[in-house]
Amino acid sequence: MIHEHVVCPFCGCLCDDLEVTVEDGKVVNTKRGCIIAKSKFMNHDRDRAKPMLRKDDELIGVSIEEAMDRAAEILRSADHPLIYGLSSTECDAQRAATELAELVGGTIDNTASVCHGPTLVSVQAVGVVKCTLGEIKNRADLVIFWGCNPGEAHLRHFLRYSVLSKGLFTQEGRKDRTVIVVDVRENASTKLADIFLKIRPNSDFEIISALRAAIKGHEVGDVAGVADGTIKEVAEKMKSCKFGVLFFGLGLTMSKGKHMNIDAALSLVRDLNDYTKFAINSMRGHFNVAGANEVLIWQTGYPYSVNFSRGYPRYNPGEFSAVDVLSRKECDAALIIAADPLSSFPLRASEHLAKIPTIVIDPKNSMTSLVAEVVIPTAMVGVECEGTAYRMDCIPIRLRKVVEPEFPSDKEVLEEIIEKVKAG
Amino acid sequence: MMIKNGTVYDPLNGIDGERMDIFVENGKIVEESKEKEVIDASGLMVMPGGVDIHSHIAGSKINIGRLLRPEDHRKDVVPRTEITRSGVGYTVPTTFVTGYRYAELGYTTVAEAAVPPIGARHVHEEFADTPMIDKMMFPLMGNNYFVLKYIEEDEFEKLKNFVAFLLNATKGYAIKMVNPGGVESWKWGKNVESLDDKVENYDVTPREVITNLAKVNEELGLPHSVHVHCNNLGAPGNFETTIETMSALRERIHITHIQFNSYAGEDWASFASGAPEVANYINKNEHVTCDVGQVVFGDATTMTADGPWQHTLYKLTGNKWVNSDVEMETGAGIVPYVFRERNLVNAIQWAIGLELFLLIEDPWRVYLTTDHPNAGPFYHYPKVISWLMSNEKRGELLAKTHKGVSKMTTLSDIDREYSLYEIAIITRAATAKALGLRDKGHLGIGADADIAIYKLEDDFERSFSRAKYVIKDGEIVVRDGKIAKGHLGRTFWVDAGGEATDEIKEIFSEYYTLNFENYPVQEEYLPRQEVISCK
Amino acid sequence: MIRMEVVLISGRTAKQGASLEVGKTSEEYFENVAVIMMNEDDMKEIGVQEGEPVKISTEFGSTVVKCKKSEVNRGIAFMPYGPWVNMVIGMDTHGTGMPSYKGAKAEISATDENVLTVGEIVDLIRRG
């Protein structure tokens, strides 16, 4: 059977034009997706998790019911449980996870805290001038990529949205657009650029600030190794375009300055709107990290790093963010869902996860499941079950189901755990 | 259930403060019920549940507003209870808190008034987490590519079909226009300044958008009229645009948050009230209804699809600014704002809202809103009610405001006071009627058993702030101003037919970034729907 | 032995993304993620050839991965996101929740030590 218009549940592009062929309940082919999409669908049945409990320091196979019982018991008896992950699942599961965090008075955080958390903090301080990806496809004549590498990380972004696509007022596609890439190194994206501005690591804040000054007509001189003339040239292109967009990624959020870099970039783009139309959009990584933020915002008012120990939501990145909670050894149990912190957190943060009772809910075996107390397998979202995901520009799309799952969905497991916690 | 011996205000059935019993069974008002449950309503006011015709409670815009305002949330935290979820309130409440607070006021139906169609799914998701109340939402059409294209090409039938299709695809309720044409122009940093300006890149004017969509609205027989946020909102002198808009057509038209569009003067220095002129037009022309968008002094978060206006507001205030343009359809802007008593412009805005309430003679055509959270949060409605019901109350506040108000508005010359009957009209009966919701806004046999019961106190603000009881679909959900039981409300939408033509699909594949097949809102997003059919 | 100071950047690569869908314990993942991309002249300076192990040390720890030639400037080294780079990333988030995954100071040198497998790293974490 051929499924059309399938949505890819890998990155924030949420390409929704995949064709997936299924025979005898197995994916046998995919069309149009990038290599990662293909890998996700073709390998969806490899390395799948099984329900397990740790007994005498070994993970032993158990029934899923037994695993869920133990999970509820851990969460019920914990003083300060941490719920973390959520970016690779759908919104109903995120809704349930938030309810569970509230119920047990714990901390809930999503992977935004280690990707675009600083962006969200900056939006709270500065605001943001943004647009959906179709606006860029239809109008943008200047496209800037700063500290992001769609050529490796968002493989069809150029094609579908930002560079090669043709739209209402960009009928010539690539020819109608000037592309500038700003990065510390040559990469798959710089090859496509009309202008590649290679900068020193950790100099983003200075250069963005210099551009802001240049746009307002101030003399800036050479800044952080970038020549005065280059800054003027880029500033002039930004001011004189008809519709510009600045895409940015973790090159800004993870480098020195973190949210200060984003404050500067958001302010730069806001200021440009005194002269022309300009937008700034973040390149979100996991396919539904944007949804994890949306859900937490509508339920609590805050996008990530939320604590319920007082019965109402409190927000404080640096205090309630997962890396900090773990590094300071503040939580006494953890539920990890749809993320793998052991493969993404600094080693010291991971060490605490290995010491406390950790529950892992994931379709696949992960590094974190190797140190877990409880492993609960689930259906793979967007392959084996449906649900909503928010694209990097916050457009909500319904993910599809192409094969039957062996295990319940994240949402079903979480709702079951909620019932068990309430009952106990 | 029997609600015994209450003082009933049910304007749609002509009942003005009569002592009577109301019977409820299976979620409906019935002639008589054998059920044993009795609410003793002696000395209490009984009204239909409130119906809010214009509020921003769910979807991308309000959620960005929530993201933008952590400093607000901290002033108003709401802990969980055994039956309610936690959250935050203040200017941009979370979904659960929105539902609870509306219910505690005795409101049982609320319209989300501005939805980018491509984000409709988001609204329905938030609706599922907005308990207690029935909901509906208005998709934005005044700057939609297809609308502009079909008007430009003079393809009225195609336009009509598209509107019906879009209501169906979004599970929407009414045609919403915001600064028609201006938001499309804003996508190039421009705006329209009159009804006859051309939209950037289109041979179409705002007048044509308004008149064509109004005609579509009537030909489709939609239950509500077109719902219009006029051009030039917020600008001094805009009352002329508003009158021009109303007089551009003879079809029904609802002008929303009309306070923001009733300004005289040439600039901020000469800013003054245009309310008498606007009220005068409305008094003489029955095809117009309006809601006020009453300013309440204090913190607000302004948010509209009117991108260029929000940019102006950012430039005026220097506050943080969000702009969010949406492909093929619309845009949005958000700016935090504080309405201050001592600020002359703000004080005049406050007075203009009250002038409109008091100068428009027919309460069936002027409705209570604060354009939540633009002119203030919805849970301040009881304050507004107290100003309308008491000349003395508004006099007290007027005395605290900037002295210039008396000169620039007529408020101090007006001594009209609303009766409870009129309050029931502007908060439930008339709004239900304007929305075409036949089972709402009244307590006649067959109506939905959505009932608000208030204590009669000298202080009307206190009376209306916390309903003594609220009955939703026949069950007591609020007792003594507190949520007594959770409830999942309905989502209303209008089925006006409409077909996805090959042309529509082709344009999707060319210019949208979402596949047509993934565009319409799926059934899964409507856990409890009620479809309203057209006339 | 020559130790050289570099600025360490970590990030997503398409191969890392594709191989994590195969599995974190897979051969592909090990091949594509336990690597560091360096400038050719820097590799010469510390005396390593393509594919040989190098040791990366920061104030927070050390890790061993195979080196690969790349177009990066001298003085910059790039590693894909994953458990190997996590061994040298500090946990201080400066109040943001975000560790310094990009732009950390590190020292690189040739080494005889083996590249740890995912299983060995997990054992290390469990031992704390």
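**Exercise 1. Determine what share of chain B is buried, and decide whether its overall dimensions are those of a globular protein.**

Solution. Of the 535 residues in chain B, 68% are buried, and this, like every value below, is computed on a predicted model. The secondary structure of chain B consists of 18 helices and 26 strands. For 535 residues the globule rule gives 24 Å, and the radius of gyration of chain B, at 22 Å, is close to that value, so chain B is as compact as a globular protein of that length. The C-alpha trace of chain B extends over about 65 × 55 × 45 Å along its principal axes. Turning to the contacts in chain B with a separation of 6 or more, 75% of them are made by residues 24 or more positions apart. On the outside, chain B has an accessible surface of about 16700 Å², and carbon and sulfur atoms account for 45% of it. As to charge, chain B carries 56 positive and 79 negative charges, whose mean positions are 6 Å apart.

**Exercise 2. Carry out the corresponding analysis for chain A, beginning with its helices and strands.**

Solution. Chain A contains 17 helices and 20 strands. Its radius of gyration of 22 Å is close to the 22 Å expected from the globule rule for 424 residues, so chain A is as compact as a globular protein of that length. The principal-axis spans of the C-alpha trace of chain A are about 65 × 50 × 35 Å. Burial applies to 70% of the 424 residues of chain A, and 67% of the chain A contacts with a separation of 6 or more join residues 24 or more positions apart. The accessible surface of chain A is about 12800 Å², with 48% on carbon and sulfur atoms. Chain A has 51 positive and 58 negative side chains, and the centres of these two sets are separated by 5 Å.

**Exercise 3. Work out which pair of chains shares the most contacts, and describe the interfaces by residues and by buried area.**

Solution. The size of an interface is often expressed as the accessible area that is lost when the parts come together. Two pairs of chains are in contact, and of these chains A and B share the most contacts. In that interface, 65 residues of chain A meet 59 residues of chain B, and the two chains bury about 5300 Å² between them, with 52% of this area on carbon and sulfur atoms. On the chain A side, A:Lys277, A:Trp298 and A:Arg398 provide 13% of the area that chain A buries against chain B, more than any other three residues.

The interface of chain C with chain A involves 47 residues of chain C and 55 residues of chain A. About 4400 Å² is buried between chain C and chain A, and carbon and sulfur atoms give 61% of it. Within chain C, the residues that lose the most area to chain A are C:Glu21, C:Ile125 and C:Arg126, which together make up 17% of what that side buries. Chains B and C, finally, do not touch, their nearest C-alpha atoms being 15 Å apart.

**Exercise 4. Locate the cis peptide bond and the residues other than glycine with positive phi, and state whether A:Lys329 and B:Met132 are buried or exposed.**

Solution. As a starting point, most residues other than glycine have a negative phi, and most peptide bonds are trans. The bond between B:His372 and B:Pro373 is cis, with omega about -5°, and B:Pro373 lies in the loop between strand E20 (366-367) and helix H13 (381-389) of chain B.

A:Lys329 has a positive phi, near 55°, and is placed in the loop between helix H13 (322-327) and strand E16 (333-337) of chain A. Its relative accessibility is 54%, and because exposed means over 50%, A:Lys329 counts as exposed.

B:Met132 also has a positive phi, near 75°, and belongs to the loop between helix H4 (120-128) and strand E10 (134-139) of chain B. With a relative accessible area of 1%, B:Met132 is buried.

**Exercise 5. Describe the surroundings of A:Asp17, including its place in the fold and its contacts.**

Solution. A:Asp17 sits in the loop between strand E1 (2-6) and strand E2 (18-23) of chain A. At a relative accessibility of 12%, A:Asp17 counts as buried, because the cut-off is under 20%. When neighbours within four places in sequence are left aside, A:Asp17 is in contact with A:His5, A:Val6, A:Arg32, A:Arg156 and A:Arg160, as well as with B:Asn515 of chain B.

Conventions:
Residues numbered from 1 in each chain as written. Chains lettered and ligands numbered in written order. Predicted model: local features only at pLDDT ≥ 70, side-chain atom pairs only at ≥ 80, totals over all residues. Heavy atoms only, no water. Helix = DSSP H or I, 4+ residues; strand = E, 2+ residues; numbered from the N terminus. Rg over C-alpha atoms; globule rule 2.2 N^0.38 Å. Buried < 20%, exposed > 50% of the residue type's maximum accessible area, 1.4 Å probe, protein only. Contact = heavy atoms within 4.5 Å. Areas by Shrake-Rupley, 256 points an atom, 1.4 Å probe, with all protein chains shown as cover. Lys, Arg positive; Asp, Glu negative; His and termini not counted. Charge placed at Lys NZ, Arg CZ, Asp CG, Glu CD. Buried area = accessible area lost by both parts, 1.4 Å probe.
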